[in-house]
Structure formats: C-alpha cells, structure tokens
Amino acid sequence: MERPLKSLDTVELAVASGRWPPGTLGTVVKVTDDGAIVEIDDERGHTRDWLALPSRALRVVEAEASQQESLLA
C-alpha cells in the first residue's frame with residue numbers, strides 16, 4: 001500500500017493528463033478528498049500548469065524524500 005499524498009510531495013504522473021505524458025514530475029500543492037492539485041514547473045522553476053488529479057494517477061517519487069532526509073541528518 002502506498003502512503004497517503006502530502007503537500008510538497010514530488011510526484012510523477014502515472015497516466016497522461018492533457019499535454020503532460022506519464023512520467024512528468026510535479027509537486028503536490030494541495031491534497032483533496034480523492035487526490036491532489038499538482039503544480040508542473042519548467043527547468044527554471046516557473047509554473048507551467050496546475051492539474052487536479054485522482055490519487056491513482058500519481059506516484060510519489062520516494063527517492064526525493066530519501067535525499068531530503070539525508071540532507072537533514
């Protein structure tokens with residue numbers, strides 16, 4: 001079982017959404033009852049899009065969390 005989504009999680013799209021293919025990375029900005037609102041940024045950090053997606057369409061990128069925890073230790 002995957003852990004629940006949290007704000008600021010880095011996620012990847014498990015399915016295509018609009019112009020964004022599976023594998024696109026984004027950041028959870030708000031958790032909703034059935035999923036999350038995800039911000040898609042470009043390489044400079046500028047917001048390109050906001051998506052409201054069900055949790056089944058998202059995968060948490062665990063490597064990011066592990067790297068952040070290592071930096072804090």
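This passage walks through the strands, the nonpolar core and two unusual residues of a predicted model.

Let's start with the sheet. Five strands come together in an open sheet, and reading across it gives the order β4-β3-β2-β1-β5, with antiparallel pairing. As a reminder, strands of a sheet pair through backbone hydrogen bonds, either parallel or antiparallel. At the edges stand β4 and β5; each has a single partner strand, so one side of each is left without a neighbour in the sheet. From one strand to the next, the twist averages 40°.

Now for the pairings themselves. Strand β2, which covers residues 25-31, pairs with β3 in the antiparallel sense over four bridges. Here Val 31 sits opposite Ala 36 of β3. Strand β1 is joined to β2 by three bridges, and these two run antiparallel. Three bridges also link β1 to β5, again in an antiparallel arrangement. Val 11 is a handy residue to follow here: its bridge partner in β2 is Gly 26, while its bridge partner in β5 is Val 60.

Val 11 turns up again in the largest nonpolar core. This core has 13 residues, and Val 11 and Leu 58 are the ones that touch the most other members. At least two core residues come from each of β1 (10-13), β3 (35-41), β4 (47-54) and β5 (58-60). Strand β3 gives the most, with three residues.

Strand β3 also holds a charged residue worth a look, Glu 39. What is the nearest side chain of opposite charge to Glu 39? That would be Arg 48, but Arg 48 is 11 Å away, and Glu 39 has no salt bridge even though Glu 39 is buried. A salt bridge needs the charged atoms within 4 Å, so a gap of 11 Å rules out one with Arg 48. The side chain of Glu 39 does have a polar contact, though: the side chain of Thr 47 lies 3.0 Å from it.

The last stop is Leu 8, in the segment before β1. Most residues other than glycine have a negative phi. Leu 8 is not a glycine, yet its phi is positive, at about 75°. Is Leu 8 buried or exposed? With a relative accessibility of 68%, Leu 8 counts as exposed, because the cut-off for that label is over 50%.

Definitions and conventions: Residues numbered from 1 in each chain as written. Predicted model: local features only at pLDDT ≥ 70, side-chain atom pairs only at ≥ 80, totals over all residues. Heavy atoms only, no water. Core = buried A, V, L, I, M, F, W, Y, C linked by side-chain atoms within 4.5 Å. Buried < 20%, exposed > 50% of the residue type's maximum accessible area, 1.4 Å probe, protein only. Pairing = 2+ DSSP bridges. Axes fitted to C-alpha atoms, helices over the stretch in contact; angles between N-to-C directions. Lys, Arg positive; Asp, Glu negative; His and termini not counted. Polar contact = N/O pair within 3.5 Å; in protein donor to acceptor, adjacent residues only side chain to side chain.
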